[in-house]
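Welcome! Have a look at the sequence and the structure below, and then we can walk through the model together, one part at a time.

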Amino acid sequence: MKDSKQDLNEALKKISATSLGWNFDNSYTRLPKAFFVKQKPTPVKAPHIVLFNQPLAATLGLNAEAILEDEASLAFSGNTIPVGAEPIAQAYAGHQFGHLNMLGDGRAILLGEHLTPEANRYDIQLKGAGVTAYSRRGDGRAALGPMLREYIISEAMHALGIPTTRSLAVVTTGESVYRDSILPGAILTRVASSHIRVGTFQFAASHDDPEIIRTLADYTLNRHFPECIGTENKYLSLLNAVIDHQAKLIAQWMQVGFIHGVMNTDNMSICGESIDFGPCAFMDSYDPATVFSSIDQQGRYAFGNQPPIAQWNLTRFAETLLPLIHQDVEEAIRLAEKALRAFADKYQQYWLAGMRAKLGLFTEAPDDLALVEELLSCMKKNRMDYTNTFRGLSSSLNANAPTAAQGNIDTPDFITWQQQWNKRLSSQTKSLDDAIALMLKTNPAVIPRNHQVEAALSAAESGDFTVQEKLLEVLSQPFKEDASRASYRMPPLPTAMPYKTFCGT
Ligand SMILES: Nc1ncnc2c1ncn2[C@@H]1O[C@H](COP(=O)(O)OP(=O)(O)OP(=O)(O)O)[C@@H](O)[C@H]1O
């Protein structure tokens, strides 16, 4: 992006709409009118682009090098609408902490679907772009801190190899938003394979018309699961595919210690991407009861509850599909229940396969589950750091490791566990070097530590984006380890106050 202070005129506005190279094809707007309302973003006073994701722009096939800073500020604030975009707010419902509500994009506006040169389809959405028909009593806006947080965490998740929506840009608006205090406003450009949520199906099912839900299911099959279309019962196949994707996703979250924090059904994406990074955070010391969100008083969305909550959400999804799965209600329920029961097995398989890799194991042995569970209970008892313990395991095997076995300790239970694990490793035909290599690409050295994220956000709120830029750079290579990154691996001080996250800002 070139730095330019040239004045903006109408001609430039027209260029800005096209010069990025958007290629919109808005299939969602061809759905029945119930699914969305047409809604343009509300222009903001003084848009200024503060973050732009060049690698993601390249993935999307955009001409990011060519765009001027002022053009980008207009384009990513919604002050100009790209040619071909058909801005809408999407309707959806959602079980929020167990209670069903009718929702919809209250502060997000979908510009449209961009087709990359390889014909991959991505939703381009502006989050914080103004009021919509679904805003209820909200102002349609977002504060800078939470949008930067979503940018950091979503990009960190991507670098960890976890399916996720992504962040293309953050623009400050020059306007204030009023929460508990007065905060700077911002807009995030979110990129997603789609924004079809479990809640979108719940919204469709709330209509007394099976054709509405069939239309959404067919649309979803075409867009995300074309391989299911030719099967004997394509709607049951859809249910199975969504269950499978979620089992895999949640297993990946559990392997890196990610706590989503607000797994409401409107925050579960049908295509299996992580979405909505409001109150999420990564766990430091291992404890399945860990909760960071200030509003999750019962621990509904605690770390260890994420797999059963995913199954609960999938059950709500299955309910919406019942009329499509079979004409006979009892048979439909029987088929759906069978599919849902498979979630636990699938999840366990994905999780155990991932945990084996974290321990450098290439083969399967009957005692592996017990080996993993013993390590976790030792970590819990000794309050060991989840990320550093796993990363430290490979250093403990390697006398030439770049750093000391950071995170590992010498309590009798951990030493006994290490002996069992070493025995298990030596039963493999693969070499120890192979095991170490597997572990080093499976166990991240760096995750978005809560205190690092907060430091980046508070610097940004006072106008200094360099802390965030450095953090983003480190997080873009989470498996890399060198002395310059050592401070990013430090857990919070034991004396630090318990960390709290907040959503809805
Ligand atoms: N400031 C706001 N103005 C209007 N609606 C809002 C506002 N904040 C949240 N909402 C709406 O409240 C609902 C729940 O909010 P939540 O914080 O889970 O979503 P979000 O972060 O805005 O959106 P998403 O799930 O798309 O990431 C959503 O329908 C959202 O659009």
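## A helix to begin with

A good place to start is helix α4, which covers residues 144-159. With 16 residues at 1.5 Å a residue, α4 should span 22 Å, and the C-alpha atoms at its ends are 23 Å apart, so the expected and modelled values agree. Keep in mind as you read that this is a predicted model.

Is α4 mostly covered or mostly exposed? It is mostly covered, with 15 of its 16 residues buried. Just after α4 comes Gly 161, which takes a positive phi of about 85 degrees.

## Two domains and their contact

Next, step back to the domains. The protein is divided into domain 1, residues 10-195, and domain 2, residues 199-357. Taken over C-alpha atoms, the centres of domain 1 and domain 2 are separated by 24 Å. Domain 1 gives 26 residues to the contact and domain 2 gives 27 residues.

Which elements give two or more residues to the side of domain 1 that touches domain 2? They are β4 (93-96) and α4. Helix α4 provides the largest share of that side, 6 residues. By class, the side of domain 1 that touches domain 2 has 16 nonpolar, 8 polar and 2 charged residues.

## Around the ligand

The ligand is surrounded by 17 residues, and the closest are Leu 103, Gly 106, Ser 135, Gly 138 and Asp 276. This shell divides into 3 nonpolar, 8 polar and 6 charged residues. Where does the ligand lie with respect to domain 1 and domain 2? Both domains give residues to the shell, so the ligand lies between them.

## Positions listed as binding site

An unreviewed UniProt entry lists Gly 104, Gly 106, Arg 107, Lys 127, Asp 139, Gly 140, Arg 190, Arg 197 and Asp 276 under "binding site". These positions span 173 residues in sequence, and their farthest two C-alpha atoms are 22.7 Å apart, so they do not all gather at one spot.

Two of the listed positions make a nice pair to look at. Lys 127 is found in strand β7, residues 121-127. It counts as buried because it has 22 C-beta neighbours inside 10 Å, where 20 or more are needed. Leaving aside neighbours within four places in sequence, Lys 127 is in contact with Arg 107, Ala 108, Ala 142, Met 147, Ile 187, Leu 188 and Arg 190. Asp 139, in turn, sits in the loop between β7 and β8 (142-143). With 16 C-beta neighbours inside 10 Å, Asp 139 counts as partly exposed. Beyond its neighbours within four places in sequence, Asp 139 is in contact with Val 131 and Val 177.

## The annotated active site

The "active site" annotation in the unreviewed UniProt entry covers Asp 266. Asp 266 lies in the loop between β11 (258-259) and β12 (281-282). Why does Asp 266 count as buried? It does so because 24 C-beta neighbours lie inside 10 Å. Setting aside neighbours within four places in sequence, the contacts of Asp 266 are Tyr 92, Gly 94, Leu 103, Arg 197 and Gly 199.

## A buried loop residue

Ser 193 is found in the loop between β10 (182-192) and α5 (198-205). This serine is buried, with 22 other C-beta atoms within 10 Å. Ser 193 and Ser 269 are 76 residues apart in sequence, while their C-alpha atoms are 9.4 Å apart in space. Not counting neighbours within four places in sequence, Ser 193 is in contact with Tyr 122, Cys 271 and Glu 273.

## Later helices

Our last stop is further along the chain. Helix α9 covers residues 329-358 and holds Ile 333. Ile 333 is partly exposed, with 15 other C-beta atoms within 10 Å. The C-alpha atoms of Ile 333 and Leu 321 are separated by 9.8 Å, and these residues are 12 residues apart along the chain.

Helix α11, residues 386-397, is mostly covered, with 10 of its 12 residues buried. Among the buried ones are Tyr 386, Phe 390, Arg 391 and Leu 393. What covers the buried residues of α11? The covering elements include α9, α10 (368-381) and α13 (432-442).

Definitions and conventions: Residues numbered from 1 in each chain as written. Predicted model: local features only at pLDDT ≥ 70, side-chain atom pairs only at ≥ 80, totals over all residues. Near = placed C-beta within 6 Å. Nonpolar A, V, L, I, M, F, W, Y, C, P; charged D, E, K, R; others polar. Domains from an automatic or database assignment. Helix = DSSP H or I, 4+ residues; strand = E, 2+ residues; numbered from the N terminus. Expected span 1.5 Å × (residues − 1). UniProt positions renumbered as here; feature names shortened; annotations may be inferred. Contact = placed C-beta atoms within 7 Å.
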